[in-house]
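Here's a walk through the two bound ligands and a handful of individual residues. Keep the structure open and click along as you read.

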Amino acid sequence: MTEPLRLGIAGLGTVGVGVVRIVQKHRELLERRTGRPVVIAVVSARSKSKDRGVDLSDYAWEDDPVVLAARADVDVFVELMGGSDGPAKAATEAAIAAGKDVVTANKAMLAVHGQALAEQAEAAEQVIRFEAAVAGGIPVVKALTEGLAGNEITRVMGVMNGSCNYILTRMQDAGLSYEAVFDEANALGYLEADPELDVGGIDAGHKLALLASIAFGTQVDFDAVELEGIGSVTIEDIDQAADMGYKIKLLGVAQISGRGLEQRMSPCLVPATSPLGQLEGGTNMVVLEGDAVNQIVLRGPGAGEGPTASAVMGDVIDIARGLRIATFGQPANTLRKARPAQSAVPAPYYLRLQLLDKPGALAKIAQALGEAGVSIDRMRQYGHDDAAAPVLIVTHKTTRTALNEALAAFPATGVVSGKPVAIRIEAV
Ligand code: NAP
Ligand code: HSE
């Protein structure tokens, strides 16, 4: 096979420029590994005149990515613009209709339109690959669709948003508030143009929904992801959870059981000594569990020019080698519609409450928990400050429903000041 594989790249931002750099730097390596030249035929971005720090003079230019996607001199459409709809979706559809394979880093588009696009691509005998869309440079899609394909996957879990992990670890290390570190991260350019995509858990939720589809053979269903961002995490909880041996992470968990498909992206406590607990800064970690392999842990850069372009090129190389895997690891028309789980698998919870300095106060709280069927595993009370003392409780495994029942009973005890905090503790 000596025909070149010709790329049409739409989007020359962080990731697009990274891909151009790899193609230019590794021309010989790519040909040696795939048996054919991998070349860029045409590129597109909003501004033709912007200096992007790479030489684009050998490539044709198209203003319109939809036109680029259908050009006769393009074999693979590389979509690196972003956005769930708009030009990214229109150009992807145009590429498939014109008989092109697609490589994209766009989790937002696939989390919303993945099923329809996969069906369209497979009907046209084209492939859509999206390694770069989940956890940047970590080859987690490849791990699930190829290396672990002989396993029934039991759980997928991970820290998949580097910005949130940076904020949470920086809060702990510097003893700063969420607001202070948010402003710092924003000033450093660590957050998306719409920061809510990061701190609201949406970006990570997109990634979890994509992994859940591959892991469980289900249609991607982002709307069913239970989302909670990190905006309510306080430095008190970070410090006091640390005292109890835990770290707080924005953790994604997907698992399927008789309850249905559970997909959660929310702040959770994990043991400080676990690999997830030790994950610092902007790094990502994905934990995959299967019936044969047991557990594997993948760790690496979840964003940035080089790591994300590395993942895009992994997909391009697969296509150049003739590897054609269905978008979500099995034909799109065989993916089941999963019933969303109405409640999460029971887990221990961390509770933090301010308890008034009154006789019998602890007993009243223990009684409210007991009456709701929630059993206390460990408890710690700190010194009183202005008549109230922080009390930390770690429960045995319980349901969120039972815990909510206990929390609802707290005000009537007359011994709790302010709103208690409850955070799930995930077994990892
Ligand atoms: P970016 O730096 O904002 O670049 C976006 C590029 O798309 C720009 O070159 C922009 O053109 C171009 N563009 C936007 N709208 C366009 C349109 N209508 N027509 C033609 N070109 C258009 O974004 P990025 O960080 O590279 O991200 C690209 C994709 O990769 C997104 O889906 C993102 O979620 C995903 N991703 C990014 C990272 C990361 O670390 N950055 C990691 C994983 C996944 P101009 O330059 O002329 O404005
Ligand atoms: N904003 C994302 C993160 C990078 O912080 O991980 C791209 O998904």
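## Around ligand 1

The shell around ligand 1 breaks down by class into 10 nonpolar, 9 polar and 4 charged residues. Bear in mind while reading that this is a predicted model.

Which residues come closest to ligand 1? Of the 23 residues that surround ligand 1, the closest are Leu12, Val15, Ser47, Arg52 and Gly304. Two of those also turn up in the polar contacts. An N or O atom in the side chain of Arg52 is 2.7 Å from an oxygen atom of ligand 1. Gly304 joins in through its backbone, with an N or O atom that lies 2.7 Å from an oxygen atom of ligand 1. Lys107 makes a contact as well: an N or O atom of its side chain is 3.1 Å from an oxygen atom of ligand 1. As for cover, ligand 1 taken alone exposes 900 Å², and the protein buries 79% of that. If you're looking for the pocket, the space taken by ligand 1 is the largest pocket.

## Around ligand 2

Ligand 2 sits in the largest pocket too. Helix 7 (162-174) and helix 10 (202-216) are the elements that give two or more residues to the shell around ligand 2.

So who is in that shell? Ligand 2 is surrounded by Lys107, Asn161, Gly162, Ser163, Glu192, Asp198, Asp203, Lys207 and Ala303. Sorted by class, the shell around ligand 2 holds 1 nonpolar, 3 polar and 5 charged residues. Lys107 is worth a click here, since it is listed around ligand 2 and its side chain also has the 3.1 Å contact with ligand 1.

Now for the polar contacts of ligand 2. A nitrogen atom of ligand 2 is 2.8 Å from an N or O atom in the side chain of Glu192. Asn161 places a polar side-chain atom 3.5 Å from an oxygen atom of ligand 2. Lys207 has an N or O atom in its side chain 2.7 Å from an oxygen atom of ligand 2. On its own, ligand 2 has 260 Å² of accessible area, and the protein covers 86% of it.

Here are the side-chain contacts of both ligands side by side.

| Ligand atom | Side chain and distance |
|---|---|
| Oxygen of ligand 1 | Arg52, 2.7 Å |
| Oxygen of ligand 1 | Lys107, 3.1 Å |
| Oxygen of ligand 2 | Asn161, 3.5 Å |
| Nitrogen of ligand 2 | Glu192, 2.8 Å |
| Oxygen of ligand 2 | Lys207, 2.7 Å |

## Two residues with positive phi

Next, a look at the backbone. Glu125 has a positive phi of about 60° although it is not a glycine. You'll find Glu125 in the loop between helix 5 (107-123) and strand 6 (128-129). Is Glu125 buried or exposed? Its relative accessibility is 65%, so Glu125 counts as exposed, the cut-off for that being over 50%.

Asn294 is no glycine either, yet its phi is positive at about 75°. This residue lies in strand 12 (residues 294-301). Asn294 counts as exposed because its relative accessibility is 58%.

## A few more residues, and how far apart they sit

Leu7 belongs to strand 1 (residues 5-10). Why does Leu7 count as buried? Its relative accessible area is 0%, and buried means under 20%. Ser44 is 37 residues from Leu7 in sequence, and their C-alpha atoms are 11 Å apart in space.

Arg46 is placed in the loop between strand 2 (38-44) and strand 3 (60-61). With 87% relative accessibility, Arg46 counts as exposed. From Arg46 to Asp64 you go 18 residues in sequence and 8.4 Å in space, C-alpha to C-alpha.

Other pairs span far greater sequence separations. Asp377, found in strand 14 (residues 376-381), is 291 residues from Gly86 in sequence and 51 Å from it in space, C-alpha to C-alpha. Asp377 counts as partly exposed because its relative accessibility is 41%.

Ala409 has its place in helix 14 (residues 400-413). With a relative accessible area of 31%, Ala409 is partly exposed. Ala409 and Asp101 are 308 residues apart along the chain, and their C-alpha atoms are separated by 57 Å.

Note on methods
Residues numbered from 1 in each chain as written. Chains lettered and ligands numbered in written order. Predicted model: local features only at pLDDT ≥ 70, side-chain atom pairs only at ≥ 80, totals over all residues. Heavy atoms only, no water. Near = heavy atom within 4 Å. Polar contact = N/O pair within 3.5 Å; in protein donor to acceptor, adjacent residues only side chain to side chain. Areas by Shrake-Rupley, 256 points an atom, 1.4 Å probe, with all protein chains shown as cover. 1 Å grid on protein atoms, 1.4 Å probe; cavity = no way out; pocket = protein on both sides within 12 Å on 5 of 7 lines; lining within 4 Å. Sits in = over half its atoms within 2 Å of the grid points. Helix = DSSP H or I, 4+ residues; strand = E, 2+ residues; numbered from the N terminus. Nonpolar A, V, L, I, M, F, W, Y, C, P; charged D, E, K, R; others polar. Buried < 20%, exposed > 50% of the residue type's maximum accessible area, 1.4 Å probe, protein only.
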